Amino acid sequence: MEKKILLQVKNLQISWLFDKALIPIVYGVDFNLESGKVLGLVGESACGKSVTALSLLRLLAKELKIVNGEILFWEHNGGETIDITKLESRGKDIRKIRGGLVSMIFQEPMSSFSPLYTIGYQIMEVILLHSEISKKEAQERTIELLNKVGIADARNSFKSYPFEFSGGMRQRAMIAKAISCNPSLLIADEPTTALDVTIQAQILNLMRDMQHEFGTSIIFISHDLGVVGQMADEIAIMYMGKIIERGPTKEIFKNPNHPYTIKLLDAIPRLGNLEARRRLEPIRGSVPGLFNRPHGCTFNDRCDYFMSGICGASFPELKEISENHFVACYLYG
Amino acid sequence: MLNLIMRRIVTTLVTLFLISVVAFIIIQLPPGDYVDAWAGKKTQGGTIITQAELNNMRVRLGLDKPLYQQYFKWIGDLMKGNLGFSFEYHRPVAEVIGERLSMTLLIAFSTLAFTYILAIALGVYSAVKQYSIGDNIATVLGYIGLATPGFLFALILMYLGQKWFGMSVGGLFSFKFQGAPWSWAKFRDLLGHLWVPVVVLGMAGTAFQLRTMRATLLDELNKMYVTSARSGGIPEFNLLMRYPVRMALNPIVATLGWELSKIISGAPIIGLVLSLPTLGPLYITALLDQDIYLSGALILIYCILVIIGTFISDMLLMILDPRMRMKERS
């Protein structure tokens, strides 16, 4: 199968409009996503991963502005390339993409449905917006979708309200809503974070099944490398609004290069690896606040390999150190 | 739903019974009775009245009997649909009230509609365009509206109406339509006068509900379910109305009964100032004259209005919010 680029993000910069000043949140993010692939976006809380995700659909809050960069989306099957950053955030063009070509799953299944409408209504609404079918057909399609995502008694669940569903069921319903219009890209922003572990595994399985069935590309956002490792073909690690390492999942796990990635992997407990039995290693220090971003490499104040005069000067460029494996660190070149 | 309505009717009847007892006691609390008040007015006019005449009058009006007997006579008549007899007007209470009841209801419910339509529309605008010029103007007007006493506002409006437009803004009809049969012209004349008491009575409530609407909606606008719905591609206006606005209506609708009772209790003073042909001024004079059956009937009517308001608000809440329906079912 030939590679088809679906999404290309170039030098994306997002700032927070705070008291008339612009505070950078996302500091120049670049990545590509091929059709049918899963990209894992990993980082600590507040590193800019959710903001990046929301910006792909122009769902950012009023105070957050895209100040630079491009988000190019290839509409396949005779479509054209759209630069999402150029669209009106409340306009008609972006609305066609939202829910139709690109859809999103959110972190809190508890609060991502309105309690005032039935689950069925809220899924059907999206279907009716993006296709020219009758209400009756849309209802049948919704029930079919609910069935597909593993909700028992889909016909009755159609008429249920969100507060009658458990967290896991709501996230299933959310997935049904997200795949309802066969999108080419699904953005999942920490979809399993709020669920307990058994449910988490079920939801991950479900997403994988859906991905295989529909060939949807996924951007999977999480702070949990373990979860992302199960899902993603490629992983991008973010730290303070920058991608600092990016590469195929296996490569990142086997051969991490950036000191932050290495530390991150050391902080995950692993079973079975008895010879390497060891204490979990926390990362020294904590993420600096938005207002005291370090000069140069943003990780320099927590890094064991800090090289004075180099790491404090400017942020290192992402360099390809092996095929498709990019690192932004002065230790490598 | 039917079950609920039945239950509400029963509780309403119990409430009304309790109110009737309390109201009757309160009416009797001021020293003296209707005969004393009547004699006081007469003797001020120079008429000489003997004690025997007063006693005769008490017997005739039934005021010589013990309080509980008077109460049971009144409540017994009420059951039969007889509101009693007004001493002051020498006419059945039902007749005295009847003329004015429709105007009172008209003003109360017009005020309620005015309050809610304006408060919701301006509240939504203010929240969506937070800190815009329009929002700031609405905020300032809102605080003025909250801080100005209704009767003062009524006096100012009357003064300005007289001075600038040379028209009398009191009453509900121009002089030539008073007592005239209903016609298109009379209706238009009514609308021309109606806005004054509606604005005066509705001002404080509108300001209050506007603030509530704005604050609640600002909270709702940032909720996850709004972003989630937006990510499905719903057009902005539909999204706003279907998701956050409908949610933000809850506290506003929940206070509807309360708002109606505020309108009703504000009405007597405003009615007096604007000389409206409503129950309000009648209520005040009935209390002053110790016209017990008239004031008792009026208190009951006011209470029924408040109960109806609360009932409407509960019904609307159940229509708006499925969680309320579930709670009611279980």
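**Working through a two-chain model**

A search of the whole structure turns up 24 salt bridges over all chains, a salt bridge being a side-chain nitrogen of Lys or Arg within 4 Å of a carboxyl oxygen of Asp or Glu. The model is predicted, so to speak of local features needs pLDDT of at least 70, and side-chain atom pairs count only at pLDDT 80 or more, while totals for chains, interfaces and linings use all residues. Residues are numbered from 1 along each chain as its sequence is written, chains are lettered from A and ligands numbered from 1 in the order in which they are written, and side-chain values use heavy atoms, leaving out hydrogens and water.

**Exercise 1.** Find the partner of B:Asp314 and say which helices the pair links.

*Solution.* Start with the atoms: B:Asp314 forms a salt bridge with B:Arg8, with the closest N and O atoms 2.5 Å apart. Next, place the two ends: B:Asp314 sits in helix α13 (residues 292-320) of chain B and B:Arg8 in helix α1 (residues 2-28) of chain B. That's a link between distant parts of the chain, 306 residues apart. (Helices here are DSSP runs of H or I, at least four residues, numbered from the N terminus.)

**Exercise 2.** Describe the interface of chain B and chain A, beginning with its area.

*Solution.* Step one, area: about 2400 Å² is buried between the chains, and carbon and sulfur atoms give 62% of that. Buried area is the accessible area (1.4 Å probe) that two parts lose on being put together, summed over both. In chain B, the residues losing the most area to chain A are B:Met224, B:Ser231 and B:Tyr243, together 22% of what that side buries.

Step two, residues: the contact (heavy atoms within 4.5 Å) takes 23 residues from chain B and 29 from chain A.

Step three, salt bridges: the rule finds 2 across the interface. A:Arg90 forms a salt bridge with B:Glu236, the closest N and O atoms being 3.6 Å apart.

Step four, elements: α9, α10 and α14 (322-329) of chain B each give two or more residues to the side that touches chain A. The largest share, 6 residues, comes from α9(B).

**Exercise 3.** Sort the residues on the side of chain B that touches chain A by class.

*Solution.* Fix the classes: Ala, Val, Leu, Ile, Met, Phe, Trp, Tyr, Cys and Pro are nonpolar, Asp, Glu, Lys and Arg charged, and the others, Gly among them, polar. Then read off the split for that side: 11 nonpolar, 5 polar and 7 charged.
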